[in-house]
2 protein chains.
Amino acid sequence: MANVYDVAYDLEKALRNSEDFQALKNSYDEVNNNPQTKELFGKFRDIQVTLQQKQMSGQEVTQEEVEAAQQLFTEVQQNETISKLMAAEQRMSTIINDLNRVITKPLEELYGPMTQENEPQQ
Amino acid sequence: MANVYDVAYDLEKALRNSEDFQALKNSYDEVNNNPQTKELFGKFRDIQVTLQQKQMSGQEVTQEEVEAAQQLFTEVQQNETISKLMAAEQRMSTIINDLNRVITKPLEELYGPMTQENEPQQ
């Protein structure tokens, strides 16, 4: 009988060698090797995190913050290198969700389908 | 090169056939096949969920609720069948966390270690 940890290491290796992970890594390096692109992407991530934290803790998000986020989102979308990275991140997120769903299927069969609110947060 | 989904299915199979999953399944069935034990465990789960939801939404938890939860916790601990199930669930939770950590290692190497608050919720 295969040991779960051994198979998990095989899965780690398969993910690491997959085209999708290599594409993500290349896009990530491309964004971070260009100081201007890196700064723009960093700003965009920071404002996303700030707004999300404010919303989760029930703090008011100001009109200025919304506009700043929209402005940055437009800039980020127009940047081909960042767009490519964001698309690669989205694909990787889908794959990780799929893998989690496959692996936890035995538990889902035992306990019944997980409701939305019990799912791990993204 | 191994396809990530194929390896994920291998991992699902390994988990399903593992001693830990089989022990969990047996304990789960044992609790649910005894109407009294099933009811006690159901009550305990319900009050856990209720208290957690109240705390997360900032609602006040009453002294009566805390005492009811403590009383149920004592009863549950004294029930050998339920104790066995809870121990098996704890082991499975550790395994699932370990598997997630192994599988997402390539991403962690790319993005840096996840902070506590980015980790999936239990």
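**Two chains, term by term**

Trainee: Where is Gln22(A) found?

Mentor: Gln22(A) sits in helix H2 of chain A. Helices here are DSSP runs of H or I with at least four residues, strands are runs of E with at least two, and both are numbered from the N terminus. Keep in mind that this is a predicted model: local features need pLDDT of at least 70, side-chain atom pairs count only at pLDDT 80 or more, and totals for chains, interfaces and linings use all residues. Residues are numbered from 1 along each chain as its sequence is written, while chains are lettered from A and ligands numbered from 1 in the order in which they are written.

Trainee: Why is Gln22(A) called partly exposed?

Mentor: Count the other C-beta atoms (placed from the backbone) within 10 Å of its own: 20 or more makes a residue buried, 12 or fewer exposed, and anything in between partly exposed. Gln22(A) has 13, so partly exposed is the label. The C-alpha atom of Gln22(A) is 9.6 Å from that of Ala88(A), 66 residues apart along the chain.

Trainee: What makes Arg45(A) exposed?

Mentor: Arg45(A) has 12 other C-beta atoms within 10 Å, so it counts as exposed. This residue belongs to helix H3 of chain A.

Trainee: And Phe44(A), how do you know that one is buried?

Mentor: Its count is 20, so Phe44(A) is buried. Phe44(A) is in helix H3 of chain A too. Leaving out residues up to four places away in sequence, Phe44(A) touches Leu72(A), Phe73(A) and Val76(A). Touching, or being in contact, asks for C-beta atoms, placed from the backbone, within 7 Å. The C-alpha atoms of Phe44(A) and Phe73(A) are 7.0 Å apart, with their positions 29 residues apart along the chain.

Trainee: Why do you say H3(A) lies largely in the open?

Mentor: Two of the 22 residues of H3(A) are buried, so the helix lies largely in the open. H4(A) is hardly covered either: zero of its 16 residues are buried.

Trainee: How do you know that the span of H4(A) agrees with what it should be?

Mentor: The expected span of a helix is 1.5 Å times one less than its number of residues. For the 16 residues of H4(A), residues 63-78, that gives 22 Å, and the end C-alpha atoms are 23 Å apart, which agrees. H3(A), residues 35-56, reaches 31 Å from first C-alpha to last, close to the expected 32 Å.

Trainee: Why is chain A called more spread out than a compact globule?

Mentor: Chain A has six helices and zero strands. Its radius of gyration is 19 Å, well over the 14 Å that the globule rule gives for 122 residues, so it is more spread out than a compact globule. The radius is taken over C-alpha atoms, and the rule is 2.2 Å times the number of residues to the power 0.38. Those C-alpha atoms fill a box of roughly 55 × 35 × 20 Å along the principal axes. Buried residues make up 13% of the chain.

Trainee: What makes Ala8(B) buried?

Mentor: Ala8(B) has 25 other C-beta atoms within 10 Å, so buried is the label. You'll find Ala8(B) in helix H1 of chain B. Not counting residues up to four places away in sequence, Ala8(B) touches Leu11(A), Leu99(A), Val102(A) and Ile103(A).

Trainee: Which residues touch the most other members of the largest nonpolar core?

Mentor: Leu11(A) and Leu11(B), in a core of 22 residues. Helices H1, H2 and H5 of both chains each supply at least two residues of this core. A nonpolar core is a set of buried Ala, Val, Leu, Ile, Met, Phe, Trp, Tyr and Cys residues joined through C-beta atoms within 7 Å. Among the residues that Leu11(A) touches are Val7(B) and Leu11(B).

Trainee: How many residues of each chain are in contact with the other?

Mentor: There are 29 residues of chain B in contact with 29 of chain A. On chain B's side, H1(B) gives the largest share, eleven residues.

Trainee: What makes the relation between the chains a two-fold axis?

Mentor: Chain B can be laid on chain A with an RMSD of 0.0 Å by a turn of 180 degrees and a shift of 0.0 Å along the axis. That is the relation of a two-fold axis. The superposition is by least squares on C-alpha atoms of residues with pLDDT of at least 70 in both copies. The same surface serves both copies: 100% of the contact residues of chain B recur in chain A.

Definitions and conventions. Two residues are in contact if their C-beta atoms, placed from the backbone, lie within 7 Å.
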